[in-house]
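Work through the exercises below with the model open. Each has a task and a solution in steps.

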Amino acid sequence: MHDLVIRGGLVVDGTGAAPRQADVAVDDGHITAVGEVSEPGRREIDAAGMLVTPGFVDIHTHYDGQVTWDALLTPSSLHGVTTVVMGNCGVGFAPVKPEQRDWLISLMEGVEDIPGSVLAEGMTWNWESFPDYLDAIDTPHAIDFAAQLPHGALRTYVMGERGGDHLVRPTDDEIDRMGDLVAEAVEAGALGWSTSRTAVHKTSNGEPTPSLTASRDELIGLARGLAKAGAGVVDFISDFMEEPAEMTLVSEIVEAAQRPMSVSIVQSDRAPDKWRSLLDGLAEVSAQHNIPITGQVAPRAVGIMLGWELSWHPFMAYPSYSALADLPREERVKQLRRPEVKAAILADSPVTDSDFVARLSTQFEHVYLLGDPPNYEPGPGDSVAALAERSGVSAVEVAYDAMMAQDGRALLYFPMLNYAGGNLDAVREMLARPDTVPALGDGGAHCGAICDASFPTTLLTHWGRDHRNSESLFPVEWLIKRHTVDTAAVVGLLDRGQVRPGYRADLNVIDFDRLQADHPEVLYDLPTGGRRLMQTATGYVATVVAGEVVFEEGEHTGALPGRLVRGAKTAPEPAVS
């Protein structure tokens with residue numbers, strides 16, 4: 001008798017091979033048979049008419065704090081993800097000295113929009129070194145999780161207060177110390193180290209992230225830490241403002257580390273074609289050193305949600321709204337329903353020094369009704385401005401009324417990145433490249449503005465089923481491979497991502513016809529009652545981790561088989577026929 005048998009599903013095995021009807025047997029947390037399974041299972045799942053896929057591997061999340069208080073790691077686990085990798089963008093919470101904790105919270109709050117009070121209350125801080133941190137978080141969870149060593153924390157740990165001063169360079173001894181700590185972290189189980197060189201990343205006080213201006217010598221020193229350990233990967237994000245010089249730096253880091261690298265790639269409105277030259281340049285560097293360099297790309301626009309309960313909305317800079325801003329939600333919505341309050345706000349104008357806030361308040365041709373279910377590729381006719389023109393009222397009134405729907409919980413959608421052409425054509429081109437993988441969902445982060453942990457669901461539904469141009473669809477088996485085998489390979493987790501004997505029994509049973517990312521909602525379930533955007537999904541019939549069913553139709557079963565993944569994993573030996 002097997003531990004688990006999933007019967008009669010359409011197996012999409014993660015390799016890109018055509019789907020096939022088969023049973024899947026599981027024993028001791030691993031897949032033991034795929035085909036016709038005659039023996040019964042202690043637990044059986046009828047998967048007739050369903051897809052049976054590997055669990056998704058999400059390599060770009062920010063659960064570094066949440067992992068200490070949330071055993072479910074939602075919302076990622078609600079979207080078929082069975083392994084997450086955190087510690088991206090150079091931010092995290094180890095290594096750390098007691099006097100540096102508040103500063104690291106400020107950095108995470110500013111870069112990833114996770115409330116500082118939530119982090120301060122939620123984390124136990126029973127660690128100092130990175131190995132200590134791994135030991136502290138190595139507790140049962142619903143899904144597996146792995147960590148990277150964040151450059152920001154490492155730099156301030158070694159340099160103290162000087163680590164945040166961009167006019168100060170580390171000494172040679174400090175660079176050597178950082179390299180040694182990289183090796184120590186990888187040997188303890190870190191998958192590698194991450195750094196950020198984008199001006200967008202700032203602390204909650206507006207200070208640039210400490211790694212922004214890190215010197216070549218410092219970055220090479222960290223790279224040598226990987227070479228010393230003989231393992232690990234580099235996670236790299238940069239504005240590439242001086243593209244040739246930055247590409248040379250990437251080459252030098254890879255050469256020094258002799259280890260793979262992944263680089264975050266998005267399309268910006270300011271330079272809508274730059275992403276192509278970046279990926280082409282990275283491909284040249286990869287070929288030069290014969291070391292994989294992979295672009296992390298998003299399967300849809302990176303867009304913020306606008307709503308009365310969120311960090312951003314079109315009326316936040318209106319003086320007439322400011323008196324309501326701090327009211328409890330129910331009272332605020334009650335006031336916003338009053339005709340005289342609405343009239344006063346609509347007659348007002350924004351007062352702000354922020355170009356971004358001004359854009360949200362006035363440029364309604366780039367703001368859309370999100371819809372339910374969410375529409376992540378709206379056309380020009382779906383914008384607030386277009387709806388206003390058709391209805392004969394002002395754009396601000398359309399926006400106001402739209403956000404008042406669903407008892408004041410309805411959301412507007414503002415695509416910031418990957419939408420320069422008003423469509424997802426560039427995203428499709430990014431996804432189609434062999435040197436990219438889908439990522440950048442930022443699970444656990446951007447609590448008051450972005451809800452992109454649903455990327456895996458969008459990847460399947462939008463690009464495998466729903467795109468209005470059928471010629472733009474990808475084969476489902478190819479999409480599954482991209483978010484299983486391919487993402488796992490980027491970080492060296494070769495023991496998962498395939499429905500084949502010997503591999504980890506991390507699996508999804510999916511009703512593809514029903515699969516859908518639900519409308520995001522605002523919850524106040526973080527420590528201290530902190531707010532976050534939550535997005536569930538419909539159509540995940542069952543999610544299995546290490547052979548145990550952890551979610552059924554989006555509900556947690558109580559099982560917690562997930563564990564910390566320490567270090568890279570080799571592929572299982574092929575079964576002997």
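On a 1 Å grid over the protein atoms alone, a cavity is a set of points where a 1.4 Å probe fits but cannot get out, and a pocket is an open set with protein on both sides within 12 Å along at least five of seven lines; lining residues have an atom within 4 Å of a point. Grid points are joined across faces, edges and corners, and a volume is the space filled by probe spheres set on the points. The model is predicted: local features need pLDDT of at least 70, side-chain atom pairs count only at pLDDT 80 or more, and totals for chains, interfaces and linings use all residues. Residues are numbered from 1 along each chain as its sequence is written, and side-chain values use heavy atoms, with hydrogens and water left out.

**Exercise 1.** Find how many cavities of 30 Å³ or more there are, and describe the largest cavity.

Step 1. The count comes to three cavities of 30 Å³ or more.
Step 2. The largest cavity holds about 160 Å³ of space.
Step 3. Its lining has 20 residues, and nearest the centre lie Pro-75, Gly-444, Ala-445, Cys-447 and Leu-533.
Step 4. Sort the lining by class: Ala, Val, Leu, Ile, Met, Phe, Trp, Tyr, Cys and Pro count as nonpolar, Asp, Glu, Lys and Arg as charged, and the others, Gly among them, as polar. For the largest cavity this gives 11 nonpolar, six polar and three charged residues.

**Exercise 2.** Describe the largest pocket by volume and lining.

Step 1. The volume of the largest pocket is about 1,800 Å³.
Step 2. Its lining consists of 46 residues; Thr-198, Val-200, Asp-239, Met-416 and Leu-417 lie nearest the centre.
Step 3. By class, 22 of the lining residues are nonpolar, 13 polar and 11 charged.

**Exercise 3.** How are helix 3 and helix 5 oriented to each other?

Step 1. Locate the helices (DSSP runs of H or I, at least four residues; strands are runs of E, at least two; both are numbered from the N terminus). Helix 3 covers residues 130–137 and helix 5 residues 172–188.
Step 2. Their axes come within 8 Å and cross at roughly 25 degrees. Axes are lines fitted to C-alpha atoms, for helices over the stretch in contact, and angles run from 0 to 180 degrees between N-to-C directions.
Step 3. Angles under 35 degrees count as roughly parallel, over 145 as roughly antiparallel, 65 to 115 as roughly perpendicular and the rest as oblique. Helix 3 and helix 5 are therefore roughly parallel.
Step 4. Phe-130, Pro-131 and Leu-134 of helix 3 make the contact (heavy atoms within 4.5 Å) with Glu-184, Ala-185 and Ala-188 of helix 5.
Step 5. By class, this contact has five nonpolar, no polar and one charged residues.
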